[in-house]
Amino acid sequence: MIPERWQQVKDVLQGALELSEQWRKTFLDDACQGDRPLRQEVESLLLHENVLTEGFLRSPVAVSAQDVERDAASWAGRRIGPYEIIEIIGEGGMGSVYRAARADEQYQKQVAIKIVKLGLHTPFTLARFRAERQILANLEHPNIARLLDGGATEAGLPYVVMELIDGQPIDQYCEARKLSVEERLRLFRTVCLAVQYAHQHLVVHRDLKPANILVTADGIPKLLDFGIAKILDTGSIPGGTETTIGFMLMLTPEYASPEQVRGDTVTTASDVYSLGVILYRLLTGRHPYSLDRRSPELMMKTICDTEPVRPSAAVQRPEGTAGEGAVAAGDGVADGTADKLSKRLRGDLDNVVLMALRKDEHRRYLSAGQFAEDIQRHLESLPVIARKDTARYRASKFVARHKVGVVAVVAILLTLASGLAVTLREARIARQQTEIARQQRAQAEERFKDLRQVANSFMFEFHDSIKHLAGATPVRALLVRRSRDYLDRLAHDANGDPSLQQELGTAYMKLGDIQGNPAEADLGDTNGAKVSYQNALAILQPLLASHPNEPALQLQAAALDERIALHSSAQECVDRLHKAIYIREALLADNPADVQLRRDLASSYAELSLHYANPYTISYLLGSATGMRYARKSLDLRQPLLDAAPNDAISLFDVFESYHYVADMLWVTGHPREALHYQMSIRDRMRAFIEHNPTNSEARRLLVTGEGRVASVLEELGELSRAWEVLQPAYRGILAIGAADTKNVQIQRQEISGYNQVGELALRMGKLQEAIRDHRQAVAFSLSLIKIDPTNSDSQYRLANSYQALGNALAVGGNLKEAEENSGKGAEIRQSLVLADPSDARGRYARAKNLLDLGNIQARGSPGHALRSFQDGIAILAPMVTADPDDWLMERTLADLYSVAGLASVDGAQITRSQRQGCSFFLKGAALWRDMGQRNVLIEVDRPKFEAAARRQRECGSPQGGRPTGNLKTNR
Amino acid sequence: MTRILCSAKETGFGVCAALSSSSSSHVTELLARWSDGDAAAREALIAVVYPELRRLAGKCLAGQQRHQQHQTLQSTALVHEAYLRLAGQSSLRAENRAHFFAIAARLMREILVDHARSRGAAKRGAGCLTLSFDEAVALPRRPQIDLVALDDALNELTVMDPRQSQIVDLRFFGGLSIEDTSQVLGLSPATVKREWSIARMWLQRELRRSEATHDS
């Protein structure tokens, strides 16, 4: 065929190949235009389309060879540096190992020399090799073969010289000596500790396998090739499958971790995984998976996706289903029959091995040291850390049950912190000393990066995994201290590195969260949190100034604004939240599919809604309508996420929150029945979730919070016994959570609210002693919170609530003096809070309510003082009601104030002015009730108050008596 | 060029020892000259590369004749090893490497095909030359390829489409990846992939036809 004709064939063929079978005929009709030979040629070639999938010629031609012998022959007797090669002792994917002797010395000390094969693109440079070699040479451990030297041969092949170990691979050693399970575990534990030592020196092995763990005749395991894989890393090749697979073949796929075969970052966790495979092999004589070595793709899939068979089950499987070349299963283990061995492995050892083999590197043992410790614990018949359940469950057992585990965490933290100090110093020195070779600097920085990652993930991910656990607070507090030290040290070195600065910003923010983000389970350290947030902001602002359009920075700014908001005045809080919302709305518009962004925006909406007239917030601005709007907006964003994943905890928690916020605003604006409807529907859903997730303390906490709100609405509606039914179990729930986690401030705050709410309800139901006891308890709790953090306005606010409520209860009991004293203390605290943040409407409203209660107490003893209190209350509240006429709660309080003020004026009628004043109060009160009646927000409980007010108004002889007026609001 | 059959006598330590460092810098220089457009440099290079490749392959082939172990050595490894021995300096520019592999792949093909022909084992490479097929299990009865027939087909393909035939040389005999091949030939990886697919379809058809002729 002439080239031109072939080109024609190729063109048509190519076109046909791009189409699916069904379209080809039409295409060929069109493309060949009746050129029959052309069409025949193309059709005949299409019959061979299978080459594309079946791999015809795909693998390069291979010839049978004895290259091992050939190499041995060609290398023996040759000199490499000062060493003379004696014989070949091993051959592997990466190269060959020779026995050699130092030729220039008197005594002939023998060494092992590994000469490495290189691929076409292996980015090998001698300088980098030497830098790495230096680090490895520093590893001095009785169970690690020393790296003595290294370099490149004349032909440019890299080689390393190692201590020559005369031993047997660990698996063969165990088989040959028929070691018992215990003996194997002890031997293996020593190996883990050696790996841990290397990790502490920031060296990851990357290719752990039995062939690299030799056991000497004395039974001492020695690890070979530490860090060699790193030296020869082909990391600079773009991560195509071919590369990954190539690297996989070069490594040892049987022992490679999922992240390794995927070509992801290799960390200490990868070594933990390989150790897991080795232990699996030592205990079962088998491999966790059956790998098809012919297909790298399949091997990769197996390693990444297949869950290994439990060791105890693996030993009972018939031969041949296990990994190729497996040592006779079970037989080698001296414990006897397969059944007996299976029984021995079941439970702890299954869990230990499988924990190391987890696909998700974060869910494996935190370190080789922890792995070793768990084995030790098993050997001592102590419970092991490993559980087959989820990470969260695992962590809960870990903290709640095993004090030993907590000690382990502390030990790891200490290790980490000291390792960090060393690397930081190295990185800093390297950065300063410009004369140090570039490679070496890059080296130090790379290791610094590695460690940073380990530290970050450890400090924060570990924290996140235990944060919702009952009883985890002391461990978390320790984490905070360590993290703070770490960050402060890091901040010192971060100048001029934007990525590090950004990371630091995030880290400070997270630290602040743990210290005192009131929206999360926090440690109540408001000041510490503020400092952390401010640190984050100080780092972020210059970054944002130089990169104003960087989404990551914008997001961080939003998150930070949101957090600082919670520690700011009411006005600044709302401003910051609006800012965060503005950023997130813009970003979400650009990335509508970004779920996290959606969640974050929804939580900004939710948070903002709380800061408009929500009575459960301790500081807010007026604007019940705005509050309702944002509560609904948050629900609108969150509901679809829950609909898409009905079992997702976070989505459920989010929707639960939004439902309640909407309900809160319905209640605030005078629609308690509708509020109740919302609360009930989401309550059922949360109960079902808890039934399936009984250990999730966050879910229980949320449910309890919700129940408190339900009870409030019921109480408001006058359905006292129903409220009691709801509140009692919730209240017990809070106490149970609080008792399990005595240091969790968030729970304690909730406990205070719980005591007060139960006390108030008890009082209304005539259970006086109970009420007094509860409120005294709430006072005591609040005081202890204030002791932790005297400036925390939240705690102050709760103390005032407690004093006020205690005052009311005492007054009912007739102890007027003490009652006035307590209620007065409450009012005083509130005044100082209002002065501290004049923008805070919540504080003013609470003060008005406190003055109403105080006045009512005073009215029974000193009516003159009472009127004064009521008038103060009215002065505060009247303009607020004018500003937000929809806020039903405030309106009712004001109406009450008018009524009692009117009564107080009339009762203490020394002068005629009081009579007139009393009548004007009655008039205003009646007007408010009438207005509520017109707006359909007058509930049954309030009807007698309305009627009393109307009656008194008539008694005053008001011309406006019973007739509603259109401009009542302006009359206030 | 005279094709020398590989034999045990010619392989061995002597050749390797004779390879001095001056010859390796010589190779570097030749590669540089060739990439600067000096056609004579290519011939000179072949004169150096061919014996080395042949020596490496020959050793394995000689061993195979004694029906010893069935370890396989891929042509890729041979080519790479030759490269390391002849020009294994990290100072070599990337295009020089590419040129080296282009030559070596072609030479590898000559060596292997020569060997197949010489042993009279032309048909389906009975013995020495085997393929590590991905689908060895799926095609247990015919795991080998008739290298002589492949060579004939490739020669035919060269006339029709020299670029495709070169791609086959580099991929199959040189063991180069798609990426490497595209670098050597200065094509986009997508083009290499496309041409490689069509070439294999065509080659498979031609080999089946030649098989049918021989069998009948």
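**Exercise 1. Identify the residue in β9(A) that stands opposite Gln168(A), and reconstruct the sheet around this pair.**

Solution. Gln168(A) stands opposite Val215(A) in β9(A). The model is predicted: local features require pLDDT of at least 70 and side-chain atom pairs count only at pLDDT 80 or more, whereas totals for chains, interfaces and linings use all residues. Residues are numbered from 1 along each chain as its sequence is written, and chains are lettered from A and ligands numbered from 1 in the order in which they are written.

Step 1: the first pairing. Strands are DSSP runs of E with at least two residues, and helices are runs of H or I with at least four, both numbered from the N terminus. Two strands pair if DSSP finds at least two bridges between them. β8(A) and β9 (residues 213-216) of chain A run antiparallel and are joined by 3 bridges. Pro169(A) has Leu214(A) of β9(A) as its bridge partner.

Step 2: the second pairing. β9(A) and β10(A) are also antiparallel, over 3 bridges. Here Val215(A) is bridged to Pro221(A) in β10(A). These two strands form a hairpin with 4 residues between them, and Gly219(A) in the turn has a positive phi of about 85°.

Step 3: the whole sheet. The order β8-β9-β10 (chain A) describes an open sheet of 3 strands with antiparallel pairing. Its edge strands, each paired on one side only, are β8 (167-169) and β10 (221-223) of chain A. From one strand to the next, the twist averages 35°.

Step 4: the helices on the sheet. Axes are lines fitted to C-alpha atoms, for helices over the stretch in contact, and angles run from 0 to 180 degrees between N-to-C directions. Two residues are in contact if their C-beta atoms, placed from the backbone, lie within 7 Å. Helix α7 (residues 170-177) of chain A packs on the sheet and touches β8, β9 and β10 of chain A, with its direction at about 100° to that of β8(A). Helix α8 (residues 181-200) of chain A lies across β9 and β10 of chain A, at about 30° to β10(A).

**Exercise 2. Determine why the end-to-end distance of helix α25 (residues 570-590) of chain A agrees with its expected span, and describe its surroundings.**

Solution. Step 1: the span. The expected span is 1.5 Å times one less than the number of residues. For the 21 residues of α25(A) this gives 30 Å, and the end C-alpha atoms are 31 Å apart, so the two agree.

Step 2: burial. A residue is buried if 20 or more other C-beta atoms lie within 10 Å of its own, exposed if 12 or fewer, and partly exposed in between. The buried residues of α25(A) include Ala570(A), Cys573(A), Val574(A), Leu577(A) and Arg584(A). An α-helix has 3.6 residues a turn, so residues three or four places apart point the same way.

Step 3: the cover. Among the elements covering these buried residues are α24 (551-565), α26 (595-610) and α36 (841-859) of chain A.

**Exercise 3. Characterise the nonpolar cores and the overall make-up of chain A.**

Solution. Step 1: the chain. Chain A has 41 helices and 10 strands, and 50% of its 972 residues are buried. Of its contacts between residues at least 6 apart in sequence, 62% join residues at least 24 apart.

Step 2: the cores. A nonpolar core is a set of buried Ala, Val, Leu, Ile, Met, Phe, Trp, Tyr and Cys residues joined through C-beta atoms within 7 Å. The largest has 137 residues, and those with the most contacts inside it include Val662(A), Phe870(A) and Ala901(A). Helix α28 (residues 649-668) of chain A supplies the largest share of this core, 11 residues. A second, separate core of 79 residues includes Leu147(A), Leu208(A), Leu349(A) and Ala386(A).

Step 3: one member. Beyond four places in sequence, the contacts of Ala901(A) include Leu867(A), Phe870(A) and Phe921(A).

**Exercise 4. Assess chain B and the exposure of Ala32(B).**

Solution. Step 1: confidence. pLDDT is the predictor's confidence in each residue, from 0 to 100. Chain B averages 65, and 53% of the residues score at least 70. Over residues 63-73 of chain B the pLDDT stays under 50. Residues 121-143 of chain B are also below 50. Where pLDDT is low, the predicted coordinates should not be read in detail.

Step 2: composition. Chain B contains 9 helices and 2 strands, and 45% of its 216 residues count as buried.

Step 3: the residue. Ala32(B) belongs to helix α2 (residues 21-35) of chain B. Ala32(B) counts as partly exposed because it has 16 C-beta neighbours inside 10 Å. Its C-alpha atom is separated by 9.3 Å from that of His99(B), 67 residues apart along the chain.
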